[in-house]
Every structure is written in C-alpha cells, then in structure tokens.
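Here's a quick briefing to read alongside the model. It covers the cysteines, one glutamine and how the copies are arranged.

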Number of protein chains: 2
Amino acid sequence: MTEEAGGTRPTMADVARAAGISTALVSIVMRGVPGASEATRKRVLKIADEMGYVPDQRARKLRQSSSRLLGVTFELQQPFHGDLVEQIYAAAARRGYDVTLSAVAPSREESTAVGALLRERCEAAILLGSRLGTEELARLARRGPTLLVARHTDVPGVGVVRGDDKAGVALAVDHLAALGHRHIAHIDGAGAPGSSDRRLGFLEAMGRHGLQDSAEVLAGGLTESAGAQGMRYLLARETPPTAVVAFNDRCATGVLDVLGREGHAVPGEISVVGYDDSRLAKFPHVQMTTVSQDAARLAEAAVSGALDLVAGREASESVFAPHLVERATTGPAPGHP
Amino acid sequence: MTEEAGGTRPTMADVARAAGISTALVSIVMRGVPGASEATRKRVLKIADEMGYVPDQRARKLRQSSSRLLGVTFELQQPFHGDLVEQIYAAAARRGYDVTLSAVAPSREESTAVGALLRERCEAAILLGSRLGTEELARLARRGPTLLVARHTDVPGVGVVRGDDKAGVALAVDHLAALGHRHIAHIDGAGAPGSSDRRLGFLEAMGRHGLQDSAEVLAGGLTESAGAQGMRYLLARETPPTAVVAFNDRCATGVLDVLGREGHAVPGEISVVGYDDSRLAKFPHVQMTTVSQDAARLAEAAVSGALDLVAGREASESVFAPHLVERATTGPAPGHP
DNA sequence: ATGGAGGACTAGTACGTTCTAGTCACGGCA
DNA sequence: TGCCGTGACTAGAACGTACTAGTCCTCCAT
C-alpha cells in the first residue's frame, strides 16, 4: 500500500538489488528459462511480486531480435471481426506470439490504424476486411509482411486468407432453391470487400437453377440499416421475393427486423440467409440460417500465414470452403410441398 | 521493391548514415521539433520515406520518461464499448496520448487482458465495464493508476467515470408513466456492472409513481438472448406488461425482436426502452427510445480522469446525468388518451 | 575588432531488457 | 593430485530511440 514511491515502477535492477543478485539472474527467473537454482527462483519471484514488479514488454521486445508480435486491424463495430480477433488471440498465443490491436471506426481511418501498427514494430500485419487501395496496400507490403483476411487482392507479396465467397452464396442459393424458392433477392455489400464475388456467386447459382430471370440484386451494405432499407424496398414491390440472401449477418438482422415489424412470417412467408455465422446468427431467439466462415479456422490460417510470410515464404492465398448452417430463418417456399 | 534487405527494418542509424548526419539530427527531424534547418528536414524526410523507415514506438516510449500511453480493456462484442473506444482514441489523441487496446472475450479473461496492459507500461489503465473483483482491482490499483468506466467501486485510489444509473432508469420510468403505462417490467443486467443501481432506480421510480405493485423485475443480462428470453417469459403471462425497460440496447434489441416475431406492435401494444444509446438504438429501422450515456463525454472524462491520476491527483468519481432519447419504440399505453 | 546570441548540428548516455561470454566453486574420475 | 564437466551466477554489450550538454559557425550590435 505504501511501496509506490515516486510513481516510477520498479525495474529489474530494483528487484536484483533487493535480492542481492544480478539483473541477468532476475531476467533468467522472470523468463522461466533454466539457469537458476530452485531456491533463488522462488525467492526472486516472491520479492518481485511484493515489489509489484512487472517486466517491461517494451524493453523486452526491443532487445529480442524477433518481437513475437502480430498486429491486427479490425472494425470496432463488426461482430464478425470481434469473433476473428478473439480467435486470433488464441491462435497467436499457441505460437507464443502477442497481439496488438488497432481499431478502425468511422472517426479513425484504416490508414491511421495501420500506421499505429507499423510503429509498434510487429512482425506482421493482419488486416481484417481491409478497404485499403491497391496503392496503399503495396506500400504497406513493402514495409513488412502483410496479410488480408476476408478480402482478395492482386498486390504481390500480400497474403490472403478468405472464405470462398462465390461458393458460399451459391450454398445459400442451392439451399433455397431446394426448398422451392424461385424468386430470390440478394442484398449485396455495395463496395465492401468480397461483395463483388458474392454478387457473382449469387447470379451464377441462380443461373444454374434456371432462375436468372427472377434473380434480383440490390445495393446494400454491411450494416443493419442497409439490410432494413433493402428489405423495405423489396416489400414495396407488388410481388416481393420469397427469399433473401443478405451480404452478412448484420445486414440480415436488419432484414429480419423489418420483416418482423411489418408482420411477415419468417420463414413462413419469406426466408432469410445471412453470412458469417457471427454471434448475431447464433442467438437462441434469432437462429439465423447463415453461411459459416468458421472464424477459428480463418484466424488459425491468418496467423500461420502471417508467420509464413515472416519466415520469408512466398505469399499465398488460402481460400476456405464455407458451409451452410441451417437454422430457423429458412423454410419451404410458400405453396411448396 | 528490392530494398528490404535481410528483413530487418531500417533504423535511425541507417537513415543518418544515408543522409550523412548524426542520429540525433534524424531524431529531431522525425519528431518535428525545432533544431534542424528546413533544407535538412526535407532531405531527411525524403530519405526516410524512400528507405521505408518508421520510428520504433517501442524504443521511443522506452526512452521517454513518460510513455504517453493509455491502456484500455473493452469487451469485443459490446457495441457500447466500441463507441467508447472510438471516443477514447479521439480524447487521448487530443492530449498527445496513444492508446493500446486489450480485448476481453469469452475465451479471453479480463485478468489476461489487464495483465497484457500492465506489461505495456501504460501510464494508466482504463477498464470498460470491468467485472474484476475488489481484491483484484485493489492489486491493480497498487500497480498503477486505474480508472473504471461504467461501473462503481469502493476500492480506494481507483477512479470512476459513469452515468447515473439510478437516475437513467428513472428517466425511462418517468417517460413511460407519463405515457400512461402502469404495468412496467425491468429486464435487468443480472450481475453486470451497474445493474443493481438500475434495478434500484427502477423500483424507486415506480414507487414514486405509486406503481410499486405493478413493478416487475426479471433477471436478464447484457445480450440479445437475455432480452429475448425475458420478453418471451413476460409474454407467457396472462397480462403482460405494457412497457419494458431493458438493461441495455443489446438486451432491448432482443426484446424488440421477440415482440416483432410474435406479432406484437411496438409501441402500439408494448413500449420498449433501451440503455446506452449505442449504434444499435440509432439505426433508422430501429429508432429505439433509450437512455443516452453520451459515449463522447464519458470517454473525455475517462481520459482526463486517468491523466489526473497519473499527475498524482486524488482518485475521484465522476457521475454523469444521462438523458432520455425519445425515438419510436415508446408510445402511449394502450387505452390511454 | 570584440563579444555574445542563436541556429545547426553532434557525442555520448540513459531507458529496461536480453543475450553472449564469461567466472567461480564443487564434485567425480582417472 | 590434477583435470574437466556442470550448475549457478555475473559483467557488459547490445536493441533503437530521446535527450543533455556540448561544439562550431555565422551574424549582428557594440
């Protein structure tokens, strides 16, 4: 209660002095590496704890040749990014790596976030759903190993880990078609990463089922409001679609919300499919049918991909096959057996 | 494209050598402080950029007496925390401070997150909606300046910035009572920070309106599912309440979702009030009546409070008066003029 | 001419660690 | 007895930067 003298935190030298040994030995103990007797080890640990000593990560990483630090940018308000970040923490820890976060938000641009990462000297940068332009991406890649999650790029040297967006949306369409739906709409992600692939996947799949004429694509976005707006627009038609494939779970949530509000039964009247299988889809009261990207697998691949880049291996693109998670927001088309 | 020799990033010494000057001068230029001629400044900046030199934040903070770094823990899946983090970035930047984030998630405990922060040697730790026990909090406070946001504590030395939870819920109840509602339920936050205050505020306000007998409190939580579950439970009653005050916006979202699904008009049949005024409440298709905590103000107070602690000033508790944001989920009680 | 004043620049140390290359004592073995 | 291996420990040099205390040099007022 009284040991906080001057406000400066105790350093290894303080601990060493208190224990009557060298700083090198304290270092050995704190790192838990062999080279100290069991007795000293116990004693030092005890003293350190009493003094409130905590190793300085800064000095530590500065000294170490490899910082064992991974930088991650993510969008503060994207639940799926939250899922990914959580899994990246775990995947990194498994390899003895630390993670430093840099958030993207309406008032904090991605370039700001990336700049902060760069200055942290992380060994690699993992960008979740980045919207960086080719130019900026290339510059970043020149600065250090860079890996994109959930977005494609042709910039050489940049690693990519993503789900197969075309295939994912196709799964959704196949599922709906099998349920007898003919008139299906897609509320897309506007300019968001992956949205052009999903749009294409939708149209191709619809074509495969001979439904190209009743396929409808709406400009959407990745927020609830985009989904809600799109759905309201669709409901204003004389014959609204019987099924909607949303760009992501957030968008689908908006769709579901409008449907509930306007008194349309889901899936009785209209079926809805989301994308991501984020926590939004899993809620017991939502039980959304969605296309799962398996955050854990993507995170694992992202971390190992990033470390491959660090090790000097060639940048590669890993594409994961998504799978459909059938829950309660899809059902037979009205009038279908 | 070819300058990345050996994989080691260029250092100040490299830039200095390339420019034929001392590292000290490079340092002066990079920091933008007076002491270099305009000509050198331009030249050094150009060379640094060409070499892809980025100052090492680690070494920098290590050297500086004060690290000008604020640590923040937040919950990855709590939209209101996202709002707060965004504003904290801004408030910190205004004072020339950096922010380091440490996320809390189901698979990443708060103590882990705090430990990571400690090792980063930030000048102060800001904990959003912490659930740390008194014991742990006290230990943390001994380690360094600590400030809690959106949660109260009696631990001495710990700063607190929060909204007036009792008053906030009272605002909601007053609003509903004025609209003629008599039978009002509160789905609370279970053990979450602030939930006991909100519960109390609810009961007191109901009492003030002479409605203590029709006041109902349900164990809830801070997720959509908690809200949904609570609402379903209420709807199973023979006479459900005509209004619901949810613990937070996420909880209210779950409530609204169930109501929509079960075909109950909002606010025609049942009114709903959230808490936080997070992005969930602001969506055009939701337009949730909610109690605003004004993230920007809380963030500003949190940052300045944390820096006060750093400056050695006494820990204090700042309580902000919340205000009601009337939107579209509340209306007159059924049968009320 | 002389004496600053101030601008441009540099040498060298400190920050808190890790790591390399030791030193020292002890014990076992030939 | 001498030799060597081993376990416990230490001295001191990095790591990349910021900062203090200078050193020059030029220019201007006296």
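Cys122(A) is tucked away in this predicted model: its relative accessibility is 5%, so it counts as buried. Its counterpart in the other chain, Cys122(B), is buried too, at 7% relative accessible area. Neither one ends up in a disulfide, since a search of the whole structure finds zero of them over all chains.

**Cysteines**
- Cys122(A) is in no disulfide, and the nearest cysteine sulfur, in Cys122(B), sits 17 Å away.
- Why is there no bond for Cys122(B)? Its closest cysteine sulfur, in Cys122(A), is 17 Å off, which is too far; the cut-off for a disulfide is a sulfur pair within 2.5 Å.

**Gln78(A)**
- You'll find Gln78(A) in the loop between strand E1 (69-75) and helix H5 (79-94) of chain A.
- Despite the loop setting, Gln78(A) has a relative accessibility of 8%, so it counts as buried.
- Its side chain makes a polar contact of 3.1 Å with the side chain of Arg250(A).
- Leaving aside residues up to four places away in sequence, Gln78(A) touches Leu222(A), Asn248(A) and Arg250(A).

**How the two copies sit together**
- Chain A lands on chain B after a rotation of 180 degrees with 0.0 Å of shift along the axis, at an RMSD of 0.1 Å.
- The two copies are therefore related as by a two-fold rotation axis.
- Which residue of chain A comes closest to the rotation axis? That's Gly260(A), with its C-alpha at 2.2 Å.
- The copies meet through the same surface, because 98% of the interface residues of chain A are also interface residues in chain B.

Key
Residues numbered from 1 in each chain as written. Chains lettered and ligands numbered in written order. Predicted model: local features only at pLDDT ≥ 70, side-chain atom pairs only at ≥ 80, totals over all residues. Heavy atoms only, no water. Buried < 20%, exposed > 50% of the residue type's maximum accessible area, 1.4 Å probe, protein only. Helix = DSSP H or I, 4+ residues; strand = E, 2+ residues; numbered from the N terminus. Polar contact = N/O pair within 3.5 Å; in protein donor to acceptor, adjacent residues only side chain to side chain. Contact = heavy atoms within 4.5 Å. Least-squares fit on C-alpha atoms with pLDDT ≥ 70 in both.
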